[in-house]
Amino acid sequence: MNHQTNLIDLGDLSFHHWKEIVGLALKIQEHPSDFYGALTGKILATLFYEPSTRTQMSFQTAMLRLGGQVIGFDNPQNSSVAKGENLKDTITVVSSYADIIAMRHPLEGAAKAAALHANCPVINAGDGGHLHPTQTLTDLTTLSKYKGRLSGLTIGLCGDLKYGRTVHSLIKALCHFPNNEFVLISTEELSVPSYITDLLDAHGCHYQKISALTDAIPELDVLYMTRVQQERFASQEEYLAQKDVYVLDAEKLSGAKKDLCILHPLPRVDEIQIAVDDDPRACYFKQAQCGVYARMALILTMLQRPELCGQPLFSGKESKIHACTNPKCITNQESYLPRHFVENGDLLVCEYCDQRILI
Amino acid sequence: MNHQTNLIDLGDLSFHHWKEIVGLALKIQEHPSDFYGALTGKILATLFYEPSTRTQMSFQTAMLRLGGQVIGFDNPQNSSVAKGENLKDTITVVSSYADIIAMRHPLEGAAKAAALHANCPVINAGDGGHLHPTQTLTDLTTLSKYKGRLSGLTIGLCGDLKYGRTVHSLIKALCHFPNNEFVLISTEELSVPSYITDLLDAHGCHYQKISALTDAIPELDVLYMTRVQQERFASQEEYLAQKDVYVLDAEKLSGAKKDLCILHPLPRVDEIQIAVDDDPRACYFKQAQCGVYARMALILTMLQRPELCGQPLFSGKESKIHACTNPKCITNQESYLPRHFVENGDLLVCEYCDQRILI
Amino acid sequence: MNHQTNLIDLGDLSFHHWKEIVGLALKIQEHPSDFYGALTGKILATLFYEPSTRTQMSFQTAMLRLGGQVIGFDNPQNSSVAKGENLKDTITVVSSYADIIAMRHPLEGAAKAAALHANCPVINAGDGGHLHPTQTLTDLTTLSKYKGRLSGLTIGLCGDLKYGRTVHSLIKALCHFPNNEFVLISTEELSVPSYITDLLDAHGCHYQKISALTDAIPELDVLYMTRVQQERFASQEEYLAQKDVYVLDAEKLSGAKKDLCILHPLPRVDEIQIAVDDDPRACYFKQAQCGVYARMALILTMLQRPELCGQPLFSGKESKIHACTNPKCITNQESYLPRHFVENGDLLVCEYCDQRILI
């Protein structure tokens with residue numbers, strides 16, 4: 001039943017196609033009314049197994065602004081899930097109601113598992129701490145719009161670089177474009193995982209690690225802020241000592257370029273002071289708006305040019321003997337799912353959640 | 001204020017009209033886009049006093065695919081009900097907002113009570129354990145589509161035949177068609193109530209009771225599976241001894257006809273093994289999809305040909321002295337409702353919940 | 001970012017414009033289909049920080065019947081708010097998704113705070129016990145429709161006149177029209193605040209205070225009933241002694257005029273007996289329906305003739321030293337909001353919640 005058109009990871013699309021979708025997003029933003037009615041009669045199902053009103057409203061707005069309609073849920077307690085229904089059954093049925101599904105789920109690999117059983121295209125709207133490709137598409141659209149380019153940029157990333165999936169995805173995307181440099185601003189404990197620095201090295205991207213935002217800010221074209229949760233710090237003392245170092249305020253901004261572009265995936269708590277909102281360099285609210293155009297472009301492309309998003313879900317082999325060791329992997333909740341791994345030396349990489357397993 | 005067009009029980013419609021609605025559902029399924037826009041500007045209110053995401057999304061999809069729009073709630077805690085509002089007031093107001101209402105309620109007879117006060121047509125989307133006519137309409141549509149006929153069938157019904165309202169309704173519907181035979185597969189404790197066997201006798205339908213699915217399966221054209229809750233068994237020992245007898249798996253299926261049609265109202269838990277899903281005889285997901293077409297046909301008929309569904313709500317008499325003895329009857333919660341009974345010998349039958357009361 | 005078109009208080013509109021909007025509501029009610037499609041492609045966001053299904057469905061119906069679409073939430077637990085997001089951020093983002101916002105919030109002044117940051121028009125759909133202007137617009141529309149005039153009326157208001165914001169707003173609105181008289185029917189403890197009687201005096205309106213509904217009823221053209229919560233009474237004995245005095249029943253109605261118009265903002269509990277519903281003078285369900293037309297007229301006016309609703313949000317001055325003393329004022333939850341007060345002798349009046357503060 002596996003439908004071939006899906007967006008599970010931005011990497012499912014070729015680099016060339018990202019640019020097409022971003023280009024379409026910008027075109028929609030210029031002339032939104034030209035696209036109203038493009039999907040009249042089509043239905044998007046937003047299946048949110050954990051609440052995320054912002055992302056859900058962004059998808060809903062995108063579909064409605066194309067003339068389509070929306071069904072869905074935002075609360076699994078109200079759904080058949082509460083009666084013990086498995087993901088496969090829910091997805092099989094809903095994909096016979098809707099023309100396209102956007103799914104958010106707390107477990108990693110859930111969107112791929114859904115795509116495996118859906119009779120319509122599936123968009124990953126976030127699978128636990130794993131992937132969130134439409135956020136990255138939003139970020140690329142925002143940079144194209146407000147910086148005019150995706151290459152030749154010096155990009156600062158500040159905050160929780162260890163667990164922040166939006167940061168990882170953005171780095172993965174931007175290292176495909178020439179002459180981008182990265183400034184990684186965090187405590188030692190919250191610095192990027194080694195697979196990210198490996199990736200930067202592999203692409204020959206210049207990067208530096210810096211521990212104070214003030215030191216990093218003058219050279220940046222883009223500053224991508226993220227939330228740092230208090231419990232991520234080594235200790236309460238460490239938190240109190242460090243927290244202001246990663247809060248953007250007018251004083252720190254005084255050293256920045258005139259055309260700096262400040263981004264944040266939102267919601268923020270207090271890592272950007274409210275006074276910064278009135279600075280013309282603050283682009284995070286525009287970024288949220290770009291998210292609607294990016295999602296319009298994605299949905300339109302998936303429904304009208306499905307061949308662009310036609311990746312096989314698995315490239316490795318099914319295994320009857322190995323299980324994924326990640327307790328948050330969807331395969332450990334939904335036991336009927338075929339286990340799929342890519343072999344990589346003496347490692348198996350789970351094709352749902354990317355967990356690496358020593359054989 | 002009582003609006004004359006409603007669907008409270010499938011029995012409200014003549015046998016002839018069921019066939020018209022099923023025929024329309026099949027026509028819609030063939031050419032869905034011909035019907036898009038038929039209800040532009042109309043609003044369906046889905047009032048779900050208990051959550052049932054599946055059924056609610058099926059109704060929403062049906063309305064949207066006709067070009068209409070949807071309002072409603074799925075959580076009485078968020079509604080005026082939480083402020084102590086009675087059903088009459090909610091229905092009176094909502095029926096002045098919407099053009100048609102689909103209502104789900106935990107109490108028996110609630111849909112009829114709603115119809116009594118609504119200024120627009122009401123569809124019963126399930127009233128406690130009592131009636132669920134759009135499920136039966138779905139089942140009839142599925143059989144018409146995938147068996148090509150509603151007569152001359154040998155239909156097995158397996159699982160909880162005592163409390164399963166979908167099973168009772170399907171039997172009541174199918175015994176109106178010629179040459180249907182029924183195989184009732186359950187434990188002794190969970191066999192059909194006597195009023196169902198009385199009905200089968202009255203229609204001259206052949207039926208047999210069998211206690212093991214394996215024995216029953218070879219002669220069946222249709223197998224309707226239902227969930228058996230553990231607490232329905234006489235004891236834990238009984239449950240452990242019996243549970244596998246009522247689970248459909250590949251082995252049991254090996255003895256079945258090549259063109260068997262397997263149905264299930266969903267959600268399932270584990271009474272059909274997942275491996276069966278890939279068997280071409282598994283029709284339960286197609287059945288869920290047929291549910292959308294059946295509901296499209298029903299809504300369209302009720303709004304465009306209201307005379308077809310124009311039954312009086314009551315045929316008996318109002319009583320000022322008798323009360324219904326069913327604690328789950330809506331009349332025992334909403335005390336302003338007129339009590340209505342049909343006299344049947346020395347019995348009174350409640351016209352809301354069908355409870356029989358000895359005078 | 002402050003958008004100039006908003007409806008925070010009915011007083012934001014000139015008396016002349018109320019009449020235009022009410023007139024449009026009546027025109028829509030006569031020929032609703034003429035207005036279908038007027039807002040095709042537009043999106044209303046209903047942001048309900050506390051649930052009020054009735055009001056939310058009224059807004060949704062209004063927008064859908066104009067051909068527009070709806071996004072929103074009804075449960076802050078499912079929204080970004082639960083992640084600690086401030087009102088400003090939510091409103092900034094949502095107002096870049098939607099074309100108009102209707103917001104309900106438990107804190108007083110919240111709608112004005114939202115308007116301060118929105119990039120689209122904001123409608124106050126209730127801010128705590130403070131304002132609820134679309135209810136008043138509904139009441140004016142209902143009186144225009146069913147009494148044929150807004151002047152020369154004797155209006156009884158019965159129940160909780162102390163805390164009932166709908167009562168206060170209606171009095172404020174109707175005292176602008178000539179020759180209206182008010183009969184204020186309540187216990188001493190629940191009589192109107194002095195600022196209301198001050199206002200009536202200022203407009204030269206005749207009014208009387210009466211403690212029993214039966215005594216008041218014969219001279220009334222309009223009877224506006226409201227709910228009295230048991231805990232509002234001085235004691236349990238007082239409640240038991242008094243409660244029936246404020247319950248409308250057929251007996252009390254027997255002394256009323258033939259063309260009395262009975263209103264209630266709904267939901268009711270038991271302050272109007274159900275038997276009264278069948279009396280042709282009962283207009284409260286028609287009133288709920290008028291609410292949809294009133295909201296259609298308002299949304300249409302705000303989007304098509306924005307100059308009509310273009311009031312500045314503040315007329316006083318910002319203060320860096322004073323804080324509002326009302327614990328339910330939005331400024332005491334959202335600390336970044338600028339404090340604004342109007343000076344009035346030795347009082348400061350908070351421009352969010354109207355709290356009066358002694359300097």
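Contact, as used in these legends, means heavy atoms within 4.5 Å, and the structure shown in every view is a predicted model.

**View 1. Surroundings of Gln287(B) in helix α11 of chain B.** Leaving aside its neighbours within four places in sequence, Gln287(B) is in contact with Gln135(B), Thr138(B), Asp139(B) and Thr142(B), and likewise with Tyr224(B), Leu263(B), His264(B) and Pro265(B). Because buried means under 20% relative accessible area, Gln287(B), at 1% relative accessibility, counts as buried.

**View 2. Crossing of helices α2 and α11 in chain A.** The axes of α2(A), residues 53-65, and α11(A), residues 284-304, come within 8 Å and cross at roughly 60°. The two helices α2(A) and α11(A) are therefore oblique to each other, and α2(A) passes α11(A) in a right-handed crossing. On the side of α2(A), the contact is made by Thr55(A), Ser58(A), Phe59(A), Thr61(A), Ala62(A), Met63(A) and Arg65(A), while α11(A) contributes Gly291(A), Val292(A), Arg295(A), Met296(A) and Ile299(A). Sorted by class, the residues in this contact of α2(A) with α11(A) are six nonpolar, four polar and two charged.

**View 3. Helix α3 of chain A and the elements that cover it.** Helix α3(A), residues 87-97, is mostly covered, with eleven of its eleven residues buried. These buried residues run from Leu87(A), Lys88(A), Asp89(A) and Thr90(A) through Ile91(A), Thr92(A), Val93(A) and Val94(A) to Ser95(A), Ser96(A) and Tyr97(A). From chain A, the covering elements include β2 (43-48), β3 (69-73), β4 (100-105) and α4 (110-117), and from chain B they include α2 (53-65) and α11 (284-304). At the N-terminal end of α3(A), Asn86(A) acts as the cap, with a side-chain oxygen that lies 3.1 Å from the backbone nitrogen of Lys88(A).

**View 4. Helix α4 of chain B within its surroundings.** Eight of the eight residues of α4(B), residues 110-117, are buried, so this helix is largely enclosed by the rest of the structure. The buried residues are Ala110(B), Ala111(B), Lys112(B), Ala113(B), Ala114(B), Ala115(B), Leu116(B) and His117(B). They pack against β1 (6-7), α3 (87-97), β4 (100-105) and β5 (122-127) of chain B.

**View 5. Cis peptide bonds before Pro267(A) and Pro267(B).** Most peptide bonds are trans. In chain A, however, a cis peptide bond joins Leu266(A) and Pro267(A), with omega about -5°, and Pro267(A) is placed in the loop between β10 (261-263) and α11 of chain A. In chain B, the peptide bond from Leu266(B) to Pro267(B) is cis, with omega near -5°, and Pro267(B) is found in the loop between β10 (261-263) and α11 of chain B.

**View 6. Positive phi at Asp354(B) and Asp354(C).** Most residues other than glycine have a negative phi. Asp354(B), although not a glycine, has a positive phi of about 70°, and this residue is found in the loop between β13 (347-350) and β14 (356-358) of chain B. With a relative accessible area of 42%, Asp354(B) is partly exposed. Asp354(C), again not a glycine, has a positive phi of about 70°, and its place is in the loop between β13 (347-350) and β14 (356-358) of chain C. Asp354(C) is partly exposed, with a relative accessible area of 42%.

Notes: Residues numbered from 1 in each chain as written. Chains lettered and ligands numbered in written order. Predicted model: local features only at pLDDT ≥ 70, side-chain atom pairs only at ≥ 80, totals over all residues. Heavy atoms only, no water. Axes fitted to C-alpha atoms, helices over the stretch in contact; angles between N-to-C directions. Helix = DSSP H or I, 4+ residues; strand = E, 2+ residues; numbered from the N terminus. Parallel < 35°, antiparallel > 145°, perpendicular 65-115°, else oblique. Left-handed = near helix turned anticlockwise from the far one by under 90°. Nonpolar A, V, L, I, M, F, W, Y, C, P; charged D, E, K, R; others polar. Buried < 20%, exposed > 50% of the residue type's maximum accessible area, 1.4 Å probe, protein only. Polar contact = N/O pair within 3.5 Å; in protein donor to acceptor, adjacent residues only side chain to side chain.
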